[in-house]
Amino acid sequence: MEIFLKLDSMNAEKKEKMRQIRDEIFNLTGSPLYKERTKNKVFPVIGEGSHDAAIMFVGEAPGKNEAATGRPFCGASGKILDELLASVNIPRESVYITNIVKDRPTGNRDPLPNEIEIYAPFLERQIDIMQPKVIATLGRFSMNYIIDSFCPDEFAEPISRAHGKEFKGETSYGEVIVLPLYHPAVAVYNNNMKETLKQDFKLLKKFT
Ligand code: URA
């Protein structure tokens, strides 16, 4: 009985901390992307999935569909991500999916260094709260950020060399594995890349 009460209060605390992050991002008037968000009447994308997930995916920033719905990876890249997850029988609801930058950079451009700087502390708090076993980065921006932050002894390699390799990282809650993956967008028109991604996704199975 006592253990269930303890788990309940831990879950409530987690939920509250996540809600706080969401509220702070919704009110992030100091971000240069906040103006765009309100002008275009779109949403920030906080993240989606299980707060108890062992696997956390970190993409770059929301695209048009994501900003319109407030959901990560729900457009063309999301379709590929769903296919990759299905190929290794990992239900989308069992993982957590988020981005470094939580608002859409205007016109689908790459996120700027100052935008990463503004939004990354929210990602770091999400990681701290959820304590995933593995952080699977999607694309080079999230790979560079996560490796720099959590794997201080690693040298940044190009994604063509780093993808599908496991890096050991250190967090406030202990060890985390960082697994760099290509961004699913690379496979939208390229079947060879989809095969490479499928091979790399097999590495996630052991964390489920
Ligand atoms: N690309 C990303 O990096 N993130 C999304 O949420 C969608 C597309």
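**Close-up views of the predicted model**

**View 1. The largest cavity has a volume of about 30 Å³.** This is a predicted model, where local features need pLDDT of at least 70 and side-chain atom pairs count only at pLDDT 80 or more, while totals for chains, interfaces and linings use all residues. Residues are numbered from 1 along each chain as its sequence is written, and side-chain values use heavy atoms, with hydrogens and water left out. A cavity here is a set of points on a 1 Å grid over the protein atoms alone where a 1.4 Å probe fits but cannot get out. Points are joined across faces, edges and corners, and the volume is the space filled by probe spheres set on them. With a threshold of 30 Å³ or more, the count is one cavity. Around the largest cavity you'll find Met143, Asn144, Ile147, Phe155, Ala156, Glu157, Ala162 and Phe167 (lining residues have an atom within 4 Å of a point). Helix α6 chips in the most, with three residues; helices are DSSP runs of H or I with at least four residues, strands are E runs of at least two, and numbering starts at the N terminus. The lining splits into six nonpolar, one polar and one charged. Nonpolar covers Ala, Val, Leu, Ile, Met, Phe, Trp, Tyr, Cys and Pro; charged covers Asp, Glu, Lys and Arg; the others, Gly among them, are polar.

**View 2. Helix α5 (residues 113-130) packs against helix α6 (residues 140-150) at about 65°.** Their axes sit 12 Å apart; axes are lines fitted to C-alpha atoms over the stretch in contact, and angles run from 0 to 180 degrees between N-to-C directions. The crossing of α5 past α6 is right-handed, that is, the near helix is turned clockwise from the far one by less than a right angle (anticlockwise would be left-handed). On the α5 side, the contact (heavy atoms within 4.5 Å) uses Ile116, Ala120, Leu123, Glu124 and Ile127. Phe141, Tyr145, Ile146, Ser149 and Phe150 answer from α6. Sorted by class, that's eight nonpolar, one polar and one charged.

**View 3. Phe57 and Phe201 make a stacked aromatic pair.** Their ring centres are 5.7 Å apart, with 15° between the planes. Rings of Phe, Tyr and Trp (its six-membered ring) pair if their centres lie within 6.5 Å; planes under 30 degrees apart are stacked, over 60 edge-to-face, and the rest tilted. Phe57 belongs to strand β2 (residues 55-59) and Phe201 to helix α8 (residues 191-201), so the pair ties together parts 144 residues apart in sequence.

**View 4. The largest pocket has a volume of about 520 Å³.** A pocket is an open set of grid points with protein on both sides within 12 Å along at least five of seven lines. Of its 21 lining residues, Ala61, Gly63, Ser77, Asn108 and His183 are closest to the centre. Helix α3 supplies the largest share, three residues. The lining's classes are eight nonpolar, seven polar and six charged.

**View 5. The second largest pocket has a volume of about 270 Å³.** Eleven residues line this pocket, and those closest to its centre are Met10, Lys14, Ile129, Met130 and Gln131. Helix α1 brings the largest share, six residues. Here the split is four nonpolar, two polar and five charged.
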